[in-house]
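Grab your viewer and work through these exercises. Each one sets a task, then walks through the solution.

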Amino acid sequence: MKRLRSLPLAPLVLRGVEAFVFRWPVKTPVRTSFGTMRDRPAVFVRATDVDGHIGWGEIWCNFPAVGAEHRARLLASVMAPLLEATEFTGPQQVFAHLSERTAVLALQSGEPGPMAQVIAGIDLALWDLCARRAGLPLWRFLGGESGRIGVYASGINPDQPEAMALAKRDEGYTAFKLKIGFGAERDIANLEAMRLAVGPDAALMVDANQGWSLAQAIEMSARLERFNLGWLEEPLRADRPWSEWQQLKQHTRIPLAGGENVAGLDAFDTALAAQVLGVVQPDAAKWGGISSCWPVIERSLAAGLRFCPHYLGAGIGLLASGHLLAAAGGDGWLEVDANENPLRSTLCGPISGVWNGQVDLGEAPGIGIAPDLAALRAAYPVLD
Ligand SMILES: [Mg+2]
């Protein structure tokens, strides 16, 4: 059984944490079975310690896209004051401190999600800071053995998906994930076109984005069987009982994937105990950061499951997710959004250089890059 190392202690006294919002108005809207993204927001977090060391993180803010500024304000008004003039043993203690001190507020406001996302983004920034301070790439600081990871092209729209898949194959990708849940005939036609385009050996996966009832999922999974899929992601709503997922699992050989809409160690333990997921997909910028995703990953790997980090934001969080995957090891792949978004592609360093389905995160300290705020402000003016 694979056991992960404990996360390192890294004492921290912070001068401050700040959040910065940017938006890119998309040319081609990103369609999912539950809605369409017409602009791509990003909330970057900068943490600074008393010695001037800096780290960068990112807060999940995809849906609804108008919520990005709200998360930045939560960081500034709620979280930042809780970090002043305190010495912490490391990011894990900061995570626990922020979670505990805002637990009642999260209930009272009805906003446990945004609170958890802000804490996750701070956590990513703090781990980056600690790794940079140590002069090590984040994957190595967390105890990883290699900076090389597998990646897959994700978020492929239902409109002519084969064209996008071929474009991504030309960039070096060998694995592709299609959005489904747009009606059986369209989904099947798209998969036929995708399989024909990329050939029988390429890895193909599908994401229904919680779009089906149990009956629909059972019917569709049977029709998907012949496409030799790597996994079927979120066929059911994340709030459906795991007994429904168990029923679905009895009807299909396709591995089931989920985790991006699971939050909390207890919730992940319940999910793992149900023994339905073959692929576990926590989003470190949405819940848990590195500090609390780490035990989820450990328990997943110990159960023989694949850890494939969910991620569909900008470049900073993508890099953090890649380093987390590299540190944890296993045979999982990093999700890389296939859609145009310069906030990702200009800020994801070596992840833009895919070769034969893999990237090498390299040896630069931390996540390896730091955003140029002045250049970003000029390129992506924020209306506020
Ligand atoms: Mg998904």
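## Exercise 1: The metal site

The magnesium ion is coordinated by Asp207 (OD), Glu233 (OE) and Glu260 (OE), at 2.0 to 2.2 Å. Bear in mind that this is a predicted model.

Task: work out how the donor residues of the magnesium ion are spaced in sequence, and whether Asp207 is buried or exposed.

Solution.
- Step 1. Read the donors along the chain: the pattern is D-x25-E-x26-E.
- Step 2. Place two of them. Asp207 belongs to strand 7 (residues 203-207), while Glu260 sits in the loop between strand 9 (256-258) and helix 10 (265-274), so the pair links parts of the chain 53 residues apart.
- Step 3. Check the accessibility against the cut-off for buried, which is under 20%. Asp207 comes out at 2%, so it counts as buried. Glu260 has 10% and is therefore buried too.
- Step 4. Look at what else these acids do. Asp207 and Glu233 are also part of a salt-bridge network with Lys177, Lys179 and Glu335.

## Exercise 2: The strand behind the lysines

Task: find which residues of strand 6 point one way and which point the other way.

Solution.
- Step 1. Recall the general pattern: side chains in a regular strand alternate between the two faces of the sheet.
- Step 2. Apply that to strand 6. Ala175, Lys177 and Lys179 point one way, and Phe176 and Leu178 point the other way.
- Step 3. Ask how enclosed the strand is. Five of the five residues of strand 6 (residues 175-179) are buried, so the rest of the structure largely encloses it.
- Step 4. Add a neighbour. Strand 5 (residues 148-156) pairs with strand 6 in the parallel sense, over two bridges. In that pairing, Ile156 stands opposite Leu178.

## Exercise 3: Arg23 and its partners

Task: which residues form a salt bridge with Arg23, and which parts of the chain do they tie together?

Solution.
- Step 1. Start with the whole structure, where a search turns up 23 salt bridges.
- Step 2. Take the Asp39 partner: its closest N and O atoms with Arg23 are 2.8 Å apart. Arg23 lies in strand 1 (residues 12-32) and Asp39 in strand 2, so this pair ties together parts 16 residues apart in sequence.
- Step 3. Now the Glu69 partner. Its side chain meets that of Arg23 in a salt bridge at 2.7 Å, N to O. Glu69 is in helix 1 (residues 68-79), and the two residues are 46 apart in sequence.
- Step 4. Compare the two acids. Asp39 is partly exposed at 23% relative accessibility, whereas Glu69 is buried, with 13%.
- Step 5. For another salt bridge, try Asp337 and Arg344, at 3.6 Å, N to O. Both Asp337 and Arg344 are buried.

## Exercise 4: An open sheet

Task: which strands stand at the edges of the four-stranded sheet?

Solution.
- Step 1. Write down the strand order, 3-2-1-4, with antiparallel pairing in an open sheet.
- Step 2. Read off the ends. Strand 3 (54-59) and strand 4 (87-88) each have a single partner strand, so one side of each has no neighbour in the sheet.
- Step 3. Zoom in on one pairing. Strand 2 (residues 35-49) runs antiparallel to strand 3, and six bridges join them. Here Val43 stands opposite Ile59 in strand 3.

## Exercise 5: Core residues

Task: which residues have the most contacts inside the largest nonpolar core?

Solution.
- Step 1. The background is that nonpolar side chains in soluble globular proteins tend to be buried together.
- Step 2. The largest core here has 126 residues, and those with the most contacts inside it are Phe44, Ile122, Phe176, Leu224 and Ile351. Helix 4 (residues 112-134) gives the largest share, twelve residues.
- Step 3. Inspect Leu224. Leaving out residues up to four places away in sequence, its contacts include Ile180, Ile188, Trp212 and Ile254.
- Step 4. Don't miss the second, separate core: eight residues, among them Ala175, Met205, Trp231 and Ala257.

## Exercise 6: Any disulfides?

Task: how many disulfides does the count give?

Solution.
- Step 1. The cut-off is a pair of cysteine sulfur atoms within 2.5 Å.
- Step 2. The count comes to zero. For Cys130, the nearest cysteine sulfur is that of Cys293, 17 Å away. For Cys308, the nearest is also that of Cys293, at 13 Å.
- Step 3. Check burial. Cys130 counts as buried at 2% relative accessibility, and Cys308 does at 0%.

How values were computed: Residues are numbered from 1 along each chain as its sequence is written. This is a predicted model: local features need pLDDT of at least 70, side-chain atom pairs count only at pLDDT 80 or more; totals for chains, interfaces and linings use all residues. Side-chain values use heavy atoms; hydrogens and water are left out. Buried means under 20% relative accessible area, exposed over 50%, partly exposed in between (1.4 Å probe, protein chains only). Two strands pair if DSSP finds at least two bridges between them. A nonpolar core is a set of buried Ala, Val, Leu, Ile, Met, Phe, Trp, Tyr and Cys residues joined through side-chain atoms within 4.5 Å. Contact means heavy atoms within 4.5 Å. A salt bridge is a side-chain nitrogen of Lys or Arg within 4 Å of a carboxyl oxygen of Asp or Glu. Donors are N, O and S atoms within 2.8 Å of the metal (3.2 Å for Na, K and Ca); water is not among the atoms, so sites may look incomplete.
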